[in-house]
Amino acid sequence: FLSLVPVPLSLSPNPPRIPGHVFLLSGCAIIRPPRDGGIRYRGLTQEQILPVDYEIEYICRGNRVIVGPKVRKCLPNGTWTDIAQNSTCRKVWTSLENGRVMAKPPGPPVEGTVLHYSCHAGFILEGRNISHCTKLGKWDAPKPTCLCECLCHNKKLYIGALFPMSGGWPGGQACMPSAQMALDLVNNRSDILPDYELELIHYDSMCDPGEATKLLYDLLYTEPIKIVLMPGCSGVSTLVAEAARMWNLIVLSYGSSSPALSNRQRFPTFFRTHPSATLHNPTRVRLFQKWKWTRIATIQQTTEVFTSTLDDLEQRTKEAGIEISVRQSFLTDPAVAVKNLKRQDARIIVGLFYETEARKVFCEVFKEKLYGKKYVWFLIGWYADNWFKIKDPAINCTVENMTEAVEGHVTTEIVMLNPETVRGVSNMTSQEFISALMSRLGGMNPEETGGFQEAPLAYDAVWALALALNKTVAPLKAKGRRLEDFNYNNHDITAEIYRALNTSSFEGVSGQVVFDAQGSRMAMTLIEQLQGGSYKKIGYYDSSQKNLSWFGNDVWIGAGPPADRTVVIEEYRFLSQKLFAAVSVFAGLGILFGIVCLTFNIYNGNVRYIQNSQPYLNNMTAVGCMMALAAVFPLGIDGHHVHRSQFPVVCQFRLWLLGLGFSLAYGSMFTKIWWVHTLFTKKDEKKEKKKQHLEPWKLYATVGVLLAIDFLSLMIWQIVDPLHITVEKFTKEAPKEDLDVLIQPLLEHCSSEKMNTWLVTSQCHGCLTIVAGDSVVYGYKGLLLLLGIFLAYETKSVSTEKINDHRAVGMAIYNVAVLCLITAPVTMILSSQQDASFAFASLAIVFSAYITLVVLFVPKMRRLITRGEWQSEQQDTLKTGSSTNNNDEEKSRQLERENRELQKIIQEVKTLYRHIHIIIIIKHVHPNTRRSL
């Protein structure tokens, strides 16, 4: 059979055609189906000439069977197989007009099958209500009929309904009695469809699209013709609404929330009294804004309805400036998804899943401790009120566990029952409706009855249909049409019903019933919160008016609504004030010591011993050390002392003080050691000439060149790439208290955009970084330091009165270098620890300055004090009235020349002595030997 071919099939009483289209292909012309039957095609074909070998299958409506050939095949000669034999659709015993037939056992009739006949309401069975299949393959009693018992002779209009009595959402348990109650009231109203009677033909879809496909087939191909279809469940409604367009049928759903159904191109005849699930989203976004949440997470069951809802929520949150940071989904087991929510610090969580899956989710929530004062869950509001207390073998959590996990969650629910006491079109208030429904349910517990909350929607759906049909009577009559003329090929009647429904507006038991342009119900949203194990109303939201009505009775486990993420408190790390004060005292004392040394050097500038040490260079060294010591103060100033906007000024002070201080202090010492090496380490033939041209201005010029290079470099740096604040972030820390916060430690640094361009990444750079704190260090200074160490080593044995303290200078350079080499690696490692970094850098500066001052000035002080040289020199100066410095230098040069001359004379005397000694020896030897000599 063609039904077994794995291709899409088309069921149509008349195959689709394109008028005026000419086909040139060879094949067979389309033939008409038998009466009360149709043709099954392999796909939707638009061809009027079907190709050779194309097969078609006859099918019959209702409980009719084909008599004659069931399958025909197109032959090459343009005819169909067995065309001479007619195929007809004949009734079978398993169908009954205006009634039902139940077969026991179910399935095709065989020997022993028993048929039980019954009639619909308003009809009386004429004949036996039971018939048996005999061995001869015949029934033992004639087929009965159903005769109308009413006297009014109203014409019936049939509604085909699918009520899920079981499955994922057993909403038919309450919705079916509610719809039947509405039908009874409509049929008793003389002002609504006075010449007609509405009748409901319904089946249990089990909320399963596969089962619904079979039932839809029965509804369409079983008499009587249905004027409207009423499905429930989003999956079932999607199937029915998409297929209904082929039969020109209006679909009015009472229990479908999938956003995908709001698509007029795909579902052109679909309406629903249940609002779209996307109607929850404006309410959720409004609540996020009310509680100042900008970061949420979602977890969904992977079904089309929830995926579409979440896509809409993502779009709305994006427009509102709210971030969906985590989006998790699951098919059957939510364990991994819940763990991911926990791992990614989700706090505000929107859950989209059916009730059975909700129990699984919250069992995992309890295990992962994803509840309490730090978390808020947003769920769908159409679960049963005690959904978390229902024992479920699929989970291993107790009722107490579930109750603890769900406490405090918020639900958004479409207002399905009018909160106001008003009488609507059915002349019944919402409270009266609930009472009447409870009576029809026969005392069933509403919390355990599926669809109890949606029952008002089913009730209003029947009223919306009745009012729409009533509205179409007059327009159809003007066109010479009647509602009872409706068939699946009549588009005009469908269009009138569509227009009537599209303009519906009435007060129902669920509130104002109005449809939007997509056929979805427009309604308010109820906001509830689970407080103490029961749901409490905390507000309403009207998305059309953007109006939030808040009761102010929301309750939170903590002090208030939790934060949407772990609150991160930025905390700047500041320098220890005790450490800063201690180092500042040392630096201050060093500056005072430098002032003493400078004063001493200036006061004793006329002393020959001081003059021979180049006192002006020593003065520069003292000033440079004091500048470096003064830089300790801005080095320890941070955000604790000055405003952030003033911090770049502090950075500049560090840079200039340390840079220029280093240039003065080290530059003056380097100049001394350079000239000593230049003048006193050459070959003997060059010494005389070089020693006579050491002029003081050459020393000062050398220091000036080094200082000018530093000044120019600093100026260019400050103009091109000035220092600014950079903030270093550290790993977040949890406070000791039980607070929902994390501490984000921050540390301020002085930096520039091209820091690496200005710094040298060699070891000498590290050394100088210690000397200069965390200021910029120029590359050439590293070379100067290395060169200074080399020159100090080379001149360690040189003795000269021109620069009599060059050995002390070399010692100072050694000490500075050693401090750099020791402290540089440590400071690099500890750069992120403000106290340790400041301690090493500042103490390196202090010790370098102290050592330099002590090595250069203390020996001079000691010599002048112990030997009293400054007194004799001063007395000589008072007697002569002038300085003897120049005479002393001249005397010194004269003595050196005389010393060299005396050394030559002594050498000549030694040579003469050797000659005389030889002559004396010769006189005492043999005469022959003397003659030979």
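Colleague: Is A708 buried, partly exposed or exposed?
Modeller: In this predicted model, A708 sits in helix α18, which spans residues 696-720. Its relative accessible area is 43%. Buried means under 20% and exposed means over 50%, so A708 is partly exposed.

Colleague: What distance separates the C-alpha atoms of A708 and L660?
Modeller: A708 belongs to helix α18. Along the chain, A708 and L660 are 48 residues apart. Their C-alpha atoms are separated by 9.5 Å.

Colleague: Which helix gives the most to the largest nonpolar core?
Modeller: That core has 76 residues, and L198, M230, L252, L469 and L483 touch the most other members. The helix that gives the most to this core supplies twelve residues and runs over residues 455-478. That helix is α10.

Colleague: How many residues are in the second, separate core?
Modeller: V285, W293, I324 and L341 are included in this second core. The core is separate from the one that holds M230 and L252. Its residues number 57.

Colleague: With which residues is M230 in contact, leaving aside its neighbours within four places in sequence?
Modeller: M230 is among the residues that touch the most other members of the largest nonpolar core. Its contacts include L252, which is also named among those residues. The full list is I159, G160, A161, L162, L252, Y254, A461 and V462.

Colleague: Which elements do the buried residues of helix α3 pack against?
Modeller: Helix α3 covers residues 234-244 and is mostly covered, with eight of its eleven residues buried. The buried residues are S234, V236, S237, T238, V240, A241, A243 and A244. They pack against β14, α2, β16, β17, β18 and α5.

Colleague: How do the lining residues of the second largest cavity divide into nonpolar, polar and charged?
Modeller: The structure holds ten cavities of 30 Å³ or more, and about 130 Å³ of space lies in the second largest. This cavity is lined by 13 residues, of which W169, G255, S257, Y354 and W382 lie nearest its centre. The lining divides into seven nonpolar, five polar and one charged.

Colleague: Among contacts between residues at least 6 apart in sequence, what percentage join residues at least 24 apart?
Modeller: The chain has 26 helices and 31 strands. Of its 933 residues, 48% are buried. For contacts in the chain between residues at least 6 apart, the part that joins residues at least 24 apart is 68%.

Methods: Residues are numbered from 1 along each chain as its sequence is written. This is a predicted model: local features need pLDDT of at least 70, side-chain atom pairs count only at pLDDT 80 or more; totals for chains, interfaces and linings use all residues. Side-chain values use heavy atoms; hydrogens and water are left out. On a 1 Å grid over the protein atoms alone, a cavity is a set of points where a 1.4 Å probe fits but cannot get out, and a pocket is an open set with protein on both sides within 12 Å along at least five of seven lines; lining residues have an atom within 4 Å of a point. Grid points are joined across faces, edges and corners, and a volume is the space filled by probe spheres set on the points. Ala, Val, Leu, Ile, Met, Phe, Trp, Tyr, Cys and Pro count as nonpolar, Asp, Glu, Lys and Arg as charged, and the others, Gly among them, as polar. Helices (H or I, at least four residues) and strands (E, at least two) are DSSP runs, numbered from the N terminus. Buried means under 20% relative accessible area, exposed over 50%, partly exposed in between (1.4 Å probe, protein chains only). Contact means heavy atoms within 4.5 Å. A nonpolar core is a set of buried Ala, Val, Leu, Ile, Met, Phe, Trp, Tyr and Cys residues joined through side-chain atoms within 4.5 Å.
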